[in-house]
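Q: Could you take me slowly through one part of this structure, namely the strands that pair around the middle one of a run of three, and show me how that part connects to the rest?

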Amino acid sequence: EPKAVAILKAASDRLAGAKTMSFTAYVSEESPSRLGPALMYTSRYDVALQRPDKLRVTSPGDGVATDLFYDGRTLSAYTPASNLLATAPAPATIDAMLQQAYTTADIYFPFTDLIVADPYKAIADGLRFAFYVGQSKTVGGTTTDIVAYGNKDVFVQVWVGAEDRLPRKMRAIYAADRLKLRHEMTLEGWTLDVAIPAEQLALSAAAKAASPITFGKPSAEAAKARAKAMPRPLAKS
């Protein structure tokens with residue numbers, strides 16, 4: 001539907017045009033229990049971004065607390081509990097860095113499509129449908145337009161601010177998931193085009209003092225240790 005596409009484009013343009021942004025994402029995922037019905041687990045991500053080459057993503061938990069820093073030259077990942085810091089040379093843009101992080105270390109953020117240079121391209125690639133659902137006055141403390149869209153891999157429902165065109169909530173179900181587990185993300189505290197203090201984007205003193213390790217995909221031993229630290233197994237989609 002043209003109206004649905006217009007809302008998605010407007011939201012994408014708003015995000016793409018921001019020189020700086022910060023927000024908090026609460027990501028909830030269902031994971032099967034031994035009894036059958038799914039349990040829901042939630043993680044928090046505090047995001048600060050400055051285009052084209054600065055990003056910090058702090059995740060205090062649940063699960064293993066992590067802190068990721070990118071400054072246009074180096075990508076660093078810090079785990080406070082183990083006091084370890086992994087670093088690697090990084091490309092010059094946020095988009096290229098996110099691709100490298102995924103390829104080399106299995107690092108992926110549920111909000112990745114919102115912080116790339118062209119969010120609408122990420123939506124439009126393979127898009128099969130988009131339709132307008134209606135409005136809500138109960139999500140995000142404001143009036144939102146609700147749009148559903150998807151491709152062969154995923155069905156997405158998004159709540160977008162009717163006035164500011166900022167996404168407040170997203171819900172996804174993956175076609176390949178036979179259990180149709182639900183993945184939800186609530187987005188709060190949006191701040192766009194406001195100067196971010198340099199220290200908020202830089203390595204913390206604790207991270208600088210941590211023991212260095214190689215940046216790469218988790219080893220089998222590390223994966224087992226991470227699994228023990230997590231309150232649940234990662235939901236597969």
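**A close look at strand β3**

A: Strand β3 and strand β4 (residues 66-70) run antiparallel and are joined by 5 bridges; here strands are DSSP runs of E of at least two residues, numbered from the N terminus, as helices are (H or I, at least four residues), and two strands count as paired if DSSP finds at least two bridges between them. The model is a predicted one, in which local features need pLDDT of at least 70 and side-chain atom pairs count only at pLDDT 80 or more, while totals for chains, interfaces and linings use all residues. Residues are numbered from 1 along each chain as its sequence is written, and side-chain values use heavy atoms, with hydrogens and water left out.

Between β3 and β4 there is a hairpin with 4 residues, and Gly 63 in its turn has a positive phi of about 90°. Strand β3 (residues 54-61) also pairs with strand β2 (residues 38-50), again in the antiparallel sense, over 6 bridges, and a hairpin of 3 residues links β2 to β3. In the loop between these two strands lies Pro 52, and the peptide bond that joins Arg 51 to Pro 52 is cis, with omega about 10°. This deserves a second glance, because most peptide bonds are trans.

Leu 55 ties the three strands together in a way that can be followed residue by residue: Leu 49 stands opposite Leu 55 in β3, while Tyr 70 in β4 is the bridge partner of Leu 55. Leu 55 also belongs to the largest nonpolar core, which has 48 residues, and is listed there with Met 21, Phe 23, Phe 111 and Tyr 149 as having the most contacts inside it. Such a core is a set of buried Ala, Val, Leu, Ile, Met, Phe, Trp, Tyr and Cys residues joined through side-chain atoms within 4.5 Å, where buried means under 20% relative accessible area, exposed over 50%, and partly exposed in between, with a 1.4 Å probe and protein chains only.

Another member of that core, Phe 111, touches Phe 23, Ala 25, Tyr 45, Val 47, Val 57 and Met 185, leaving aside residues up to four places away in sequence; contact here means heavy atoms within 4.5 Å. Apart from the largest core lies another, of 5 residues, which includes Tyr 78, Leu 85, Ala 207 and Ala 210. In soluble globular proteins, nonpolar side chains tend to be buried together.
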